[in-house]
Amino acid sequence: MRSMNEPERKPDERENDMTTERAMEGPDRIVSVRERFGFDSNLMVPAFSERDAHVPDLDEAYRFNPEVTLAILAGFTRNRRVMVQGLHGTGKSTHIEQVAARLNWPCVRVNLDGHISRLDLVGKDAIVVRDGRQVTEFQEGIVPWALQRPVALIFDEYDAGRPDVMFVIQRILERDGNFTLLDQNRVIRPHPHFRLFATTNTIGLGNLNGLYHGTQMLNHAQMDRWNVVATLNYLPREEEAGIVLARVPEMDDEAGRQLVDSMISMAALTRKGFASGDLSTLMSPRTVIDWAENCQIFRDPALAFRLTFLNKCDEAERPVVAEYYQRCFDVELRVELRVEPGSDDGDEPEPRT
Ligand SMILES: Nc1ncnc2c1ncn2[C@@H]1O[C@H](COP(=O)(O)OP(=O)(O)OP(=O)(O)O)[C@@H](O)[C@H]1O
Ligand SMILES: [Mg+2]
């Protein structure tokens, strides 16, 4: 109800308020998975009819992996805690966001890098100015804020979280997920349409393949609390080609498709080389997309390749990569080495004793 001294507001302002309120209640319609995600399924899922500022932007070019999409949808419709695990650059973070974008489900992504602290998640006392006076006030962190709203909270890079932070998250992973703000003496019950997701590169057993420095071992009592774990690794080559062409539509002609096919063969060779221990780096789908985009800039696939991937490789491994390139493109790749393989240039300073 409007109080006496509140100014009369314009009708569109009132409408905005109503939109926010309606969105706060939860999903208000049912949509077809076939229609929204474009794959064969009779599933119907709840969605919001209005978008608010937290709904991620729609990426029309995004291609959904059916199994991962179903897992994420189970999270949204049945309130399952869903973790998406997989190698880097396979589209995990964007996958969850793009599902949310098609359901108009508000979504907040928190990157659990080493700088996120317990206080960021839970909240802290802060000094604020109220009526011209400085007062100390508790400011809610992202977890209590999201818990009370129909919001999907995504913990990105979950395996990079510090142990003290992880135990905060453990509390909301419980079935009823009540969250106690100790310093506030308050128990927060989650909104019925609050949802929780996570993405991770490792499966919580540490950096076994050497690719993911800075990851932590995850507590198994905590892993156990994720109801669904979906895996998103490298896709079949036609699908990966489809993603690259969707991202860089300028390449979608006969010559472009052939080029993309060779690029994916190249990526596949680096992945195989990594698996057999010949390389310590590999090309992710993200790198292939970057390479395709850079081809549009430099108009030279070999130069674009050097700038996108080759320069990230260990110098000692560059000749191996060049050989893969030769196999896929029948072109000799120029490899600049600061130190000739096997040469002992004797320039290194003697260690001081
Ligand atoms: N299926 C897809 N359709 C369209 N674009 C995709 C797809 N998968 C990945 N991409 C693109 O690849 C890039 C990497 O995706 P994203 O950041 O989601 O990967 P990630 O798996 O979260 O990586 P990381 O493990 O490094 O966090 C993004 O630019 C994304 O748009
Ligand atoms: Mg990610």
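What share of the contacts in the protein chain with a separation of 6 or more comes from residues 24 or more positions apart? Such residues account for 68% of those contacts. The views below are taken from a predicted model.

**Figure 1. Overview of the protein chain in the predicted model.** The protein chain has 13 helices and 11 strands. Of its 353 residues, 31% count as buried. Contacts between residues 24 or more positions apart make up 68% of those with a separation of 6 or more.

**Figure 2. Surroundings of ligand 1, with 18 residues in the shell.** The residues that come nearest to ligand 1 are His88, Gly91, Lys92, Ser93 and Thr94. Two or more residues of the shell come from each of H4, helix H9 (237-247) and helix H11 (285-298). Both domain 1 (25-114 + 142-231) and domain 2 (237-329) supply at least three residues to the shell around ligand 1. Sorted by class, this shell consists of 6 nonpolar, 8 polar and 4 charged residues.

**Figure 3. Close-up of Ser93 in helix H4.** Helix H4 spans residues 92-103 and includes Ser93. Ser93 is among the residues that come nearest to ligand 1. Leaving aside residues up to four places away in sequence, Ser93 touches Arg109, Asp156 and Thr199. Phe197 is 104 residues from Ser93 along the chain, and the C-alpha atoms of the two are separated by 9.7 Å. Ser93 counts as partly exposed because it has 17 C-beta neighbours inside 10 Å.

**Figure 4. Packing of helix H10 (residues 254-275) against helix H13 (residues 318-329).** The two helix axes come within 9 Å and cross at roughly 145°. The crossing of H10 with H13 is right-handed. On the H10 side, the contact is formed by Ser262, Ser265, Met266, Leu269, Thr270 and Gly273. On the H13 side, the residues are Val320, Val321, Tyr324, Tyr325, Arg327, Cys328 and Phe329. The contact of H10 with H13 contains 8 nonpolar, 4 polar and 1 charged residues.

**Figure 5. Packing of H10 against H11.** The axes of H10 and H11 are 11 Å apart, and the helices pack at an angle of about 145°. H10 passes H11 in a right-handed crossing. Val260, Met263, Ile264 and Ala267 of H10 meet Val288, Trp291 and Ala292 of H11. By class, the contact of H10 with H11 has 7 nonpolar residues, no polar and no charged. H11 is also one of the elements that give two or more residues to the shell around ligand 1.

**Figure 6. Close-up of Glu157, a residue with positive phi.** Most residues other than glycine have a negative phi. Glu157 is not a glycine, yet its phi is positive, at about 50°. The loop that holds Glu157 runs between strand S7 (152-156) and helix H7 (163-172). Is Glu157 buried or exposed? Glu157 counts as buried, because 21 C-beta neighbours lie inside 10 Å and the cut-off for a buried residue is 20 or more.

**Figure 7. Close-up of Asp330, in the segment after H13.** Asp330 has a phi near 60°, a positive value in a residue other than glycine. With 8 other C-beta atoms within 10 Å, Asp330 is exposed, since the cut-off for an exposed residue is 12 or fewer.

Notes:
Residues numbered from 1 in each chain as written. Chains lettered and ligands numbered in written order. Predicted model: local features only at pLDDT ≥ 70, side-chain atom pairs only at ≥ 80, totals over all residues. Helix = DSSP H or I, 4+ residues; strand = E, 2+ residues; numbered from the N terminus. Contact = placed C-beta atoms within 7 Å. Near = placed C-beta within 6 Å. Nonpolar A, V, L, I, M, F, W, Y, C, P; charged D, E, K, R; others polar. Domains from an automatic or database assignment. Axes fitted to C-alpha atoms, helices over the stretch in contact; angles between N-to-C directions. Left-handed = near helix turned anticlockwise from the far one by under 90°.
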